Amino acid sequence: MRKNIVAGNWKMNNNAEQTQQLINDLKTAVSGLETETRIIIAPTFVNLALAQNNAAGSSIEVAAQNMHQAKNGAYTGEISADMLTSIGLQTVILGHSERRTYFGENDATLTEKVTAALENELEVIFCFGELLEDRKSDNHFNVVESQLKNVLFNLPASSWEKIVLAYEPVWAIGTGETASPEQAQEMHAFIRSLITDQYGAEVASNVSILYGGSVKPNNAEEIFSKEDVDGGLIGGASLKAQDFTAIIKAI
Ligand SMILES: O=C(CO)COP(=O)(O)O
């Protein structure tokens, strides 16, 4: 079911003490909020169980930033879907551009990861988006279309209940440069039209499509006001309780 979501991707930030502190601050900040918006935070692997314990009883959900596609085995340093679900997690972020750029993840690996996550009944926040050169060469729609088709469009329609999309133009991540609300809406409408063509209007209208890339308290409201933008995946601004809360309130 399509829902507004504000998710914080903490990336490689916050040690155990900082994780506890930020969650405590967030809990206080969101406790009085009358909101239907789902609030998700994605701390680093080593602090997931701690975060899960700290967030218990609040409206804050905890997600992982990544997982390995194999069930288990000789993959030093990796984490499986089963390990995530075993500590009560329900959601994993997959396909972030930093994973693609620095760790060589591609459509083939991501297809395996999405399949493994869904087999373990994890919800997937699937990230994708074009590079600056793609946008400059007017190739951004083609890039996004192939990223979605190659990984997600072989899934059965029923799997889409467990998919959240996060459009993150790479040129807007951590740069302070956001897509304009119009650029975000244009791409989100295009994404929804692709899903309509492949799966029909019902599936398309039920998918939450988040925007990510330099969302801040001062631009969130305008971006979120667009019809096909169902919230955001927030990096830097999710590391401060006050900023993250302001973004949640902007929905
Ligand atoms: O990558 C992002 C979220 O996954 C966005 O990061 P910033 O909000 O820091 O640009």
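**Exercise 1. Determine how the shell around the ligand divides by residue class, and which residues come nearest.**

Step 1. By class, the shell holds five nonpolar, eight polar and one charged residues. Here Ala, Val, Leu, Ile, Met, Phe, Trp, Tyr, Cys and Pro count as nonpolar, Asp, Glu, Lys and Arg as charged, and the others, Gly among them, as polar.

Step 2. Of the 14 residues around the ligand, those that come nearest are Asn9, Gly212, Ser214, Gly235 and Gly236. A residue is near a molecule or strand if its C-beta atom, placed from the backbone, lies within 6 Å of it.

Step 3. Note the basis of these values. This is a predicted model, in which local features need pLDDT of at least 70, side-chain atom pairs count only at pLDDT 80 or more, and totals for chains, interfaces and linings use all residues. Residues are numbered from 1 along each chain as its sequence is written.

**Exercise 2. Locate the annotated binding site and describe the surroundings of Asn9 and Gly235.**

Step 1. An unreviewed UniProt entry lists Asn9, Trp10, Lys11, Gly174, Ser214, Gly235 and Gly236 under "binding site". They are spread over 228 residues of sequence but cluster in space, with a largest C-alpha distance of 14.0 Å. UniProt positions follow the numbering used here, feature names are shortened, and annotations may be inferred rather than shown by experiment.

Step 2. Asn9 lies in strand E1 (residues 5-9). Helices (H or I, at least four residues) and strands (E, at least two) are DSSP runs, numbered from the N terminus. Asn9 counts as buried because it has 26 C-beta neighbours inside 10 Å. The cut-offs are 20 or more other C-beta atoms within 10 Å for buried, 12 or fewer for exposed, and in between for partly exposed, with C-beta atoms placed from the backbone.

Step 3. Leaving out residues up to four places away in sequence, Asn9 touches Ala42, Gln65, Ile93, Leu233, Ile234, Gly235 and Ser238. Contact requires C-beta atoms, placed from the backbone, within 7 Å.

Step 4. Gly235 sits in the loop between strand E8 (231-234) and helix H11 (241-249). With 21 C-beta neighbours inside 10 Å, Gly235 is also buried. Its contacts, not counting residues up to four places away in sequence, are Asn9, Lys11, Ile173 and Gly174.

**Exercise 3. Place the annotated active-site residues and decide whether each is buried or exposed.**

Step 1. The "active site" feature in the unreviewed UniProt entry is at His96 and Glu168. These span 73 residues in sequence, yet no two of their C-alpha atoms are more than 8.3 Å apart, so they gather at one spot.

Step 2. His96 is in the loop between E4 and helix H4 (97-103). It is buried, with 27 other C-beta atoms within 10 Å.

Step 3. Glu168 is in the loop between strand E6 (163-167) and helix H8 (181-199). With 27 C-beta neighbours inside 10 Å, Glu168 is buried. Not counting residues up to four places away in sequence, Glu168 touches Ser97, Cys127, Gly129, Ile173, Gly212, Gly213 and Leu233.

**Exercise 4. Trace the chain from E2 through E3 to E4.**

Step 1. Three bridges join strand E2 (residues 38-42) to E3, and the two run parallel; strands pair if DSSP finds at least two bridges between them. Ile39 has Ile60 as its bridge partner in E3. From E2 the chain crosses through helix H2 (residues 48-55) to E3 in a right-handed β-α-β crossover. Right-handed means that, with the strands pointing away from the viewer, the path from the first strand over the helix to the second runs clockwise.

Step 2. E3 and strand E4 (residues 91-94) are joined by two bridges and run parallel. The partner of Ala63 in E4 is Thr91. The crossover from E3 through helix H3 (residues 81-86) to E4 is a right-handed β-α-β crossover.

Definitions and conventions: Two residues are in contact if their C-beta atoms, placed from the backbone, lie within 7 Å.
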